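Student: Please take me through this structure, one question at a time.

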Amino acid sequence: MSGIEQTVRQGQELHQYQLQRLEVLEMSGDELSEFLNQAENENPLINVERDRSEIEKELRLANWFNQQPMYSRSFYERTVTEEMPEPEIPDSRTMSLEQYLRLQIDFLKLSCAQQKMMNFLLGSIEDNGRLKITPDQAAACCKGTAKDSEYCLALLRRLEPAGICAASVQECLLVQLRKLPQQCETAEYFVKNCLQSAGTLSMSRLARKCGVKIPQMERALRVIRGLEPYPGSCFAPAERAYVIPDILMLPKENGWDICLCDKWSGSIHISQYYINLLKGSHDKENATYLYDRLRQAKMLQTALELRRKTLLHFCELILDRQRAFFENGGPIEPLLLGELAQELPCHESTVSRALRGKYLSCPRGTFPLRKFVSLNVGNSDVSNDGLTRKIKELIAAEDPCTPLSDQQITDLLATNGLNISRRTIAKYRTDLGIPNVFARRV
């Protein structure tokens, strides 16, 4: 006879209304507007009302942008009797990298699968011309074959500018060297084997490492300096995406006004017609349907109000900590995600997701909310912004003749109670664009 086993398990389950509150809190303005449109289509009791005056302001702003010289419509407003200008040669200063590449592949004969793959690869190229996605990853994303992705990638790498779609600076420079009219074996050897140590070795040591004399090494370096490690950088940047801030912060006589800019995304109103219909309904099935929809509409109303209060509370806490930044243009003070979570109170992951995709506009500009909140570095109590500032201060105060190594910076921080690994210090120093100890030594 089998025995009956009894186990005790402790857990937490979120109800439907709790899940919806979290979901609505995490939405950006665009996502919320789309979500409310969908809710209005699915629930007859929900009416989404938007402040038309706010929308008209946005339209007027858009029209003003369109009237500026950079958006001139004079070419399209010409009459057919006017003499049309000669077509111009494409200029990289006014053309994006993707447009320039498309001009070169428009006449290639590609299958439907290859065309899809080519469009995906073109959209994955970074502004500097680098392509970090692998053929296997491209094939998986497009549900195609590795053969098609490798073929399309090989076509792209044959295009101009030379070195486009390279996976690294080294690969990019090698492609450009091999396309030069006169080959330079010393330059190729240097890029393959000595590129990483270029800033730490003297000319004589570089020459010995490459097995050539100093004049030959100098000629090779002149050739390399004439190359372009980022072949996409000379092209016009991609079209800017304008954001509508979620929070507006304006100064007043005795402080600041914090407003939530959610009128354009819409607010929920419950239809009185269907409420009266529910009260007078004698059909059980209809009454159950209307009651469920009424409950869903009220849940959504509550979720929207909670989102509004939480975001305003976020901004009050941020203003309290970053007052020097907003009022005097001072630096951003460290505000850890955990501190913000304790004040609300809610879980750190909830705060992190709630900050995603939301922007704050103030007299100093428009900033993502994440800019004002930092994560802890490792197990320490310092934020990533705080650690960055400390590293910059230590290096700025060092003796140029005996600069600090990453390990010495680690030891100095440890004396102040900050236990950060040497690898983390090296990463933050590199992100700041500060060279290593050898390159900083005078």
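Student: Which residues of helix α19 (residues 422-431) are buried?

Tutor: This is a predicted model, in which local features need pLDDT of at least 70 and side-chain atom pairs count only at pLDDT 80 or more, while totals for chains, interfaces and linings use all residues. Residues are numbered from 1 along each chain as its sequence is written, and side-chain values use heavy atoms, with hydrogens and water left out. Buried means under 20% relative accessible area, exposed over 50% and partly exposed in between (1.4 Å probe, protein chains only). In helix α19, a DSSP run of H or I with at least four residues, numbered from the N terminus, the buried residues are Ile425, Ala426, Tyr428 and Arg429.

Student: What pLDDT does the protein average, and over which residues is it below 50?

Tutor: pLDDT is the predictor's confidence in each residue, from 0 to 100. The protein averages 76, and 79% of the residues score at least 70. Where pLDDT is low, the predicted coordinates should not be read in detail. The average is thus 76, and the pLDDT is below 50 over residues 58-90.

Student: At what angle do helix α2 (residues 29-42) and helix α13 (residues 284-321) pack?

Tutor: Axes are lines fitted to C-alpha atoms, for helices over the stretch in contact, and angles run from 0 to 180 degrees between N-to-C directions. The axes of α2 and α13 are 12 Å apart, at an angle of about 165°. That makes α2 roughly antiparallel to α13, because angles over 145 degrees count as such, under 35 as roughly parallel, 65 to 115 as roughly perpendicular and the rest as oblique. The packing angle is about 165°.

Student: Which residues in α13 does α2 meet?

Tutor: Contact means heavy atoms within 4.5 Å. On the α2 side, the residues are Gly29, Leu32, Phe35, Leu36, Ala39 and Glu42. In α13 they meet Arg293, Leu300, Leu304 and Arg307.

Student: Is Met118 buried or exposed?

Tutor: Met118 lies in helix α5 (residues 112-124). Leaving aside neighbours within four places in sequence, Met118 is in contact with Ile105, Leu110, Cys152, Leu155 and Leu156. Its relative accessibility is 0%, so Met118 counts as buried.

Student: With which residues is Gln176 in contact, leaving aside its neighbours within four places in sequence?

Tutor: Gln176 has its place in helix α8 (residues 169-178). Its relative accessible area is 9%, so Gln176 is buried. Its contacts outside those neighbours are Ala162, Gly163, Leu227 and Glu228.

Student: Within what distance do the axes of α8 and helix α9 (residues 185-193) come?

Tutor: The two axes cross at roughly 170°. That makes α8 roughly antiparallel to α9. The contact is made by Gln170, Leu173, Leu174, Leu177 and Arg178 of α8 and Ala187, Glu188, Val191 and Lys192 of α9. The axes come within 9 Å.

Student: Which residues does a cis peptide bond join?

Tutor: Most residues other than glycine have a negative phi, and most peptide bonds are trans. Pro161 lies in the loop between α7 (146-157) and α8. With omega about 0°, the cis bond joins Glu160 and Pro161.

Student: What is the phi of Cys165?

Tutor: Cys165 has its place in the loop between α7 and α8. With a relative accessible area of 0%, Cys165 is buried. Its phi is positive in a residue other than glycine, near 70°.

Note on methods. Helices (H or I, at least four residues) and strands (E, at least two) are DSSP runs, numbered from the N terminus.
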